[in-house]
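Today I opened my notebook to look up how aromatic rings meet in a protein. Here is what I had on screen.

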Amino acid sequence: MSISEDKLLSFHTDNAVSFVPAWSQGDPRKVIYPTDSKGQFCGQVGSPLEKKPLLFYFNILKCASPLVLLELQCPTTQICVERCPDKFMTLVKALGNKDDVGNKTTFTDDGGKSINATDLLEASKIFEDYTQSWHWILLGLVIAMLVSLIFVLLLRFLAGVMVWVMIFMVVLVIGYGIFHCYMQYASLKGIAGSDVTIRDLGLLTDFSVYLQIQQTWLAFMIILCIVEVVIILLLIFLRKRLRIAIALIKEASKAIGHVMSSLFYPLLTFALLSLVIAYWAITAVFLSTSNEPVYKVSNTTECMYSTNTCNPETFNSSNITTECPGAECLFAFYGGETLYHKYLILFQFYNLFLFFWCANFVTALGQVTLAGAFASYYWAFKKPDDIPAFPIFNSLGRALRYHTGSLAFGSLILAIVQIIRVILEYLDQKLKGAQNKCAKFLLSCLKCCFWCLEKFIKFLNRNAYIMVAIYGKNFCTSAKDAFFLLMRNIIRVAVLDKVTDFLLFLGKLLIVGIVGICSFFFFTGKIKMVEVAAPSLNYYWVPILTVVIGAYLIAHGFFSVYAMCVDTLFLCFCEDLERNDGSSDKPFFMSPDLHQILSTEKMIPAKTKQSHFVRICANVFENCINFMPNFII
């Protein structure tokens, strides 16, 4: 099923028109500058709050709710103050004891837990650490990019050697982590306070405190030991299949070698995703800042205008003061009473849904572009002579010209599932205080089911886009063909494709481990050569975690090209086996080396009769695919 270009253009036009009220009424300054609950800017020159530049949150713990990311507003009262308070006192205690000036430094939250007021200021130290180390974080991410690029280039020329080096290095890095944790554990033995348990400490903002007790390093050591044992056991059990997976990686390396521009295509995906994120963020900011202060008429006597909306600037000159003596125009709440303001949260959900759709479309465009380029390599009988010139650009042109409807439809299905998951999380946060265990259980089951559904749709979409790139058919037909092809080769999927994914994951793990260890030694000042250059930090784990997460995303971006190449070659290989028999009339398109190593392994034939369970799954899936176009229409 395809979506015509005029329908897509109409959709984007309607989308732009729907957010005109947000762009016209929103004020991004409310996000940049501190603003109280009445919408007044703190510390603004010439305003009554000129000498109150700081913003105080009555309960800053509510700002940690995931709902803040959706609504971009902290659900607690906010006022402008001259300086941040360091004492705490409730209104009830203030009325009961007027002499009490608020000398308490601890309070009890909604869960009955005692919290120190000064601990709430620790969050500012995290921001301070980012300002001190941001340039070193960028340098670490650049190093991660260079390491990933060098690793991928070496994998192109020395695939077999690099895979074994990668396996050995991953085991070695994790082994070093176990050794380091043991040495830290042993060094803390006998030190006062090191035998305190993590449960005794509770939840602290300063994570460095946890590193001063033995139990933390013991936990790290146990986790790393479990990971090490699991990896070693997997390598032992999969030792006979590693040779096949390495052969497939070698073939992928050859394909990438002939399509070297594929290594830099993730930069285009990153740029497009940046535009999508920027559009979503800007629109979300305008939506969240389009609220306005609402004033209501307040009167102690009976008045027909009581609780009506009023304007404080024109209130004194209106007839309300005449008919209702003593009436005042007082601030009621910050929001709005128009139809637009009442359904503002729905606009936020709609904006988030569009973000998911556009982001999935950009990802799908990258997948079908890479799949088309690598498929042109596989189906070239004489390699590299029959490979078309500029395969990436040709594949991108075909995707934009012929397959935008299929990509939009596949992205739409995934976006619907993702927004449903967000709605479920939203309901979970809203119903957190409820005591209905049945509702909680049902909500947890729904969240689990839709998580599984999202994973399945991502897997199916990925293979469907490969079939779209190979045959040029619509999304539903391609998804059905891909599903049946995978079901007919279910053993090969487990033996080849997933083992190869495991090896590529080890590559990501190796890069993250190398960059993470280097950043740990640098930010903790344990490298004597650059000890002076290391920034002075409150919590050194802040830049380390940032670099580690960024390194994984960068490594994932480079290895995603390899993963897409492997998946494309795998589906092409399965198609090759079904369409050809190796004779002179129907020769194989796969390389002789790949054919030789695959033919020597005792693997299930491609056309083996499917099991009863597989046939049932295939029938159910076929009915869903056939019904889907009718449902959309």
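I began with the pairing rule: rings of Phe, Tyr and Trp (its six-membered ring) pair if their centres lie within 6.5 Å. This is a predicted model, and by that rule I get 16 aromatic pairs. One of them joins Trp217 and Phe220, with 5.8 Å centre to centre and 85° between the planes, and it is edge-to-face.

Next I checked where these two rings sit. Both Trp217 and Phe220 belong to helix H9 (residues 214–237), where they are 3 residues apart, about one turn of the helix. Then I asked myself: is Trp217 buried or exposed? Trp217 has 7% relative accessibility, so I noted it as buried. Phe220, at 36% relative accessibility, is partly exposed.

My second pair was Tyr465 and Phe475. Their ring centres are 6.0 Å apart and the planes stand at 50°, so I wrote this pair down as tilted. Tyr465 lies in helix H17 (residues 437–471) and Phe475 in helix H18 (residues 475–488), so the pair ties together parts that are 10 residues apart in sequence. I looked up burial here too: Tyr465 is buried at 3% relative accessible area, and Phe475 is buried with 3% relative accessibility.

Then I went looking for a cluster. Which residues do ring pairs link into one? I found Tyr378, Trp379, Phe381 and Phe589. Trp379 has a charged visitor as well: Arg579 lies over its face, 4.8 Å from the ring centre.

Last entry: I found the charged end of Lys473 over the ring of Tyr471, at 5.5 Å from the ring's centre.

Terms used
Residues numbered from 1 in each chain as written. Predicted model: local features only at pLDDT ≥ 70, side-chain atom pairs only at ≥ 80, totals over all residues. Heavy atoms only, no water. Phe/Tyr/Trp six-rings, centres within 6.5 Å; stacked < 30°, edge-to-face > 60°. Helix = DSSP H or I, 4+ residues; strand = E, 2+ residues; numbered from the N terminus. Buried < 20%, exposed > 50% of the residue type's maximum accessible area, 1.4 Å probe, protein only. Lys NZ or Arg CZ within 6 Å of the ring centre and 35° of its normal.
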